[in-house]
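Reader: Hi! I am new to looking at protein models, and I would love a close look at one single part. Could you take me through it step by step?

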Amino acid sequence: MTLESFSPITNEWYYPSEEVLRNAYIADYDAVYREADADIEAFWAKQAQNLDWFRTWEQVLDSSNPPFYQWFVGGKTNIAHNALDRHIKTARKNKLALIWEGEPGDKQTYSYYRLWREVNRFANVLKSMGVKKGDRVTIYMGRIPELLIAMVACAKIGAVHSVIYGGFSEQALADRIEDAQSRVLVTCDGAWLRGNIVKLKDVVDEAVRKTPVIESIIVVKRTGQPVNMEQGRDYWYHDLVALPIASPICETAVMDAEDPLFILYTSGTTGKPKGILHTHGGYQVYTSTTLSWVFDVKDEDRYWCAADPGWITGHSYIVYAPLIIGATSFMYEGAPNHPYPNRWWRLIEEYGITILYTAPTAIRGLMRFGDAWPNRHDLSSLRLLGSVGEPINPEAWKWFYNVIGKGRCPIMDTWWQTETGGFMITPLPSVGLKPGSATRPFPGIKVDVVDEAGDPVPPGTDGNLVIQRPWPAMLRTIYGDPDRFVKQYWSAYAKQGWYLTGDTARKDEDGYIWIIGRNDDVIKVSGYRLGTAEIESGLVSHPAVAEAAAIGIPDEVRGSVIYAYCILRAGHQPSEELRDALKEHVRHEIGPIAVPAKIEFVDVLPKTRSGKIMRRVLRARAMGQPEGDLSTLEG
Ligand code: WTA
C-alpha cells in the first residue's frame, strides 16, 4: 500500500449483525443526527445532564466572541468529580476501573475505590508542594497507572497537566516545560520497552538543565536501575505518598466549566510546538458521550484503548471518558510484539477484552507477523474494534475485521484531532461501514469538504475538511498564543466562521467521508504527529548542517516515514558516519519517533521565489515520480 496509490473510495458495505444492533446505544443514527441538528444547544445540554455539576450552567454555548467559544457558561464542575468521586457513592466503588499489565508480566488492578484513594493521596502530595489551581504540572512517564493517577490528581486540585509523550527526548521536553512554565514535574526512573529500559529520568535531568523553571521532580520507581536523585529537588513518589500529608481524602476543587484542564502539545506548521488547551466542562461532556455511543461501552465490557496516555487518544479515551462512564479499562505497558508477536492476542484472551481500539500502524505491524499468531488465541470475547490516527487502508481494515474480529466486530474508524478533543467523524456500531471511510460526523457535528472559496466540492473530489459549528470539546486556544490559534484554525474560512482541520478529504455519493491525509506540514509517522519544521530545526541544530528539509514518504507499516535532505556547512563532507550522527542527533533532540528513515545530502533545495521549500518536488523526487511544474522554483 502506498497512500498515493490507494484510491480510497470503494462501495463495499459491511453491515452490523443483529446482535450488534440490539446492543447499540444509538440504533438510528439519522434520527439522532436530525435531533441534534435541530437544536444543538438542547442536544448538548441533554448529554451534560448525565454528569454532575456543582452548579448548573446559565448558557450552553456562548458564541459572542468567535472563535473563542465557551460552553456551559456559569457551570461549576470538576472532571475528577465525574471521573471518580461520584462513583464512590455507588456500587461502582467496587468495580474495576483499571486492569494493568507491565511488559515484564507484572499486574495491577484498581477498583474505582482504590483509584480514588490513590488519586487523592497524590493530589495531597501536589498540594503540599505548593501546586495551586491554574498551576501547570508536567508529566513525563511510561504507560503505568501512576500516569493516569497523576493526571486526575492534577484535575482534582485544579492544576493544569501537560503530559509529554515518553518517546520525546530532552530538547522537546525542555521546550514544552519552558512553554508551560511548570514548576513541578512527575516522571519515573524508566519505562520498559521491548525488554529494555528507556531511561526517562536521565532525559529529565538533561531537560531541566536546559530549563531552570522546574523546582521539584517526583519520580515513580518503575524499572529500578540507579538514577540520579538530586537532594531538595527530586523525590520518590512512593516516599511522598507514604507521608501523613498524603491523606486518601482530598477535597475536589470547584472549577468553572471553562477553567483549563490540560495543555497537550502537538505539532503544527512551525517548529514551535502548540499547547492545545482543553477545559473541564465541555470536554467531559463530549468525551463521555462519544465514548458511550461509539464504543457502546457497557458494565460487562473490558475496554482496551492501546494508545499512549501521552497523546490525545489516551487523555480522552484511556483516562477521562472511560472513568466518567464507569468503564473497566485495560492498559498494557510495553511493545505489542514483546516477547513474541502474540502478546496483544494473549492479553485479549487472558483478560477477556471486549473492545479493542488501536491505530492502523499497529494493525499493519501485527499483520506482518502473519495470521498464525492471532489464530493461536481465543479472541471470541471481542465485540467491537476501533482505529484512529491515520487513514486505515482497506487491506489492513479487512485483516483486522476478519482475522481479529472474525467477521463479527464492526470497526469504528474514528477521525479526530488533538484539537477536537474527541471523535468527530466516526461510525456508530449500528451504521453500515465501508473499509477506509470514517463514515459520517457524530451527532451535533457539522463538517464538509470544500474548495478554497468554501464551496462544497463534488463527490469524489479532494477538498479541505472543515468543521462548521462549534462543539463542546473544541480546543479553547493555543496556550499563551491566542493569535496563533485564530490564524491557524480560523483564518482560512474566517468569513464563514469555520474551523480548518488541515486534512484533505473526499465525500462519496452517500455522504461518507474519506480522509486522504494532512495537507499542511504535518507528518504522521506510526500515527504520531510530527511537524516537518520540528525535524528540520532538530537537524540544523547539528553543527554540520546548514539547511534541512523533511518530508513524509508513504510506508507500508508506519503510514509515513521521514526523508530528510540536508545541505552541509562548508568544511563538512557527506559520509555514512555523518548520516548516523545526524540520526543520533535527532533521536537525542526530539526523540526516536522523529529519526529520519533516510538522509540525503544535497547542494541545493528546491524553493519557491519567496524561499519556501517545495516539499512536493522533494516528495516526487524521493518517490521517483515526475517533479511537475517547477516554474516557481528560485532563479
Ligand atoms: C489524522 C489523533 C484518517 C488526521 C486523534 C488528523 C486520521 C490527525 C484519523 C490528528 C482517522 C486521525 N482516519 N486520519 N480515523 N484519525 N487522523 O492530533 O490527519 O495526533 O488531522 O490526533 O490524525 O492527529 P492527532
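In which strand is Y332 found? Please tell me about its surroundings too.

Author: Happy to help! This is a predicted model, where local features need pLDDT of at least 70, side-chain atom pairs count only at pLDDT 80 or more, and totals for chains, interfaces and linings use all residues. Residues are numbered from 1 along each chain as its sequence is written, and side-chain values use heavy atoms, with hydrogens and water left out.

Now to your residue. Y332 is found in strand β17, which covers residues 329–332. Strands here are DSSP runs of E with at least two residues, and helices are runs of H or I with at least four, both numbered from the N terminus.

Is Y332 buried or exposed? With a relative accessible area of 2%, Y332 is buried. Buried means under 20% relative accessible area, exposed means over 50%, and partly exposed lies in between, using a 1.4 Å probe and protein chains only.

Next come the neighbors. Leaving aside residues up to four places away in sequence, Y332 touches E101, G102, E103, R143, W304, H338, R343, W344 and L347. A contact of this kind means heavy atoms within 4.5 Å. Take W304 from that list: W304 and Y332 are 28 residues apart along the chain, and their C-alpha atoms are separated by 8.7 Å.

Two pairs deserve a closer look. The side chain of Y332 makes a polar contact with the side chain of R343, at 3.3 Å. The side chain of Y332 also reaches the backbone oxygen of A335, at 2.8 Å. A polar contact is a pair of N or O atoms within 3.5 Å; within protein, one must be able to donate a hydrogen and the other to accept it, and residues adjacent in sequence count only if both atoms are side-chain atoms.

Finally, let us step back to the whole chain. The protein chain has 19 helices and 30 strands. Its radius of gyration, taken over C-alpha atoms, is 24 Å, close to the 26 Å that the globule rule gives for 635 residues, so the chain is as compact as a globular protein of that length. That rule is 2.2 Å times the number of residues to the power 0.38. Buried residues make up 63% of the 635 residues in the chain. Among contacts between residues at least 6 apart in sequence, 72% join residues at least 24 apart.
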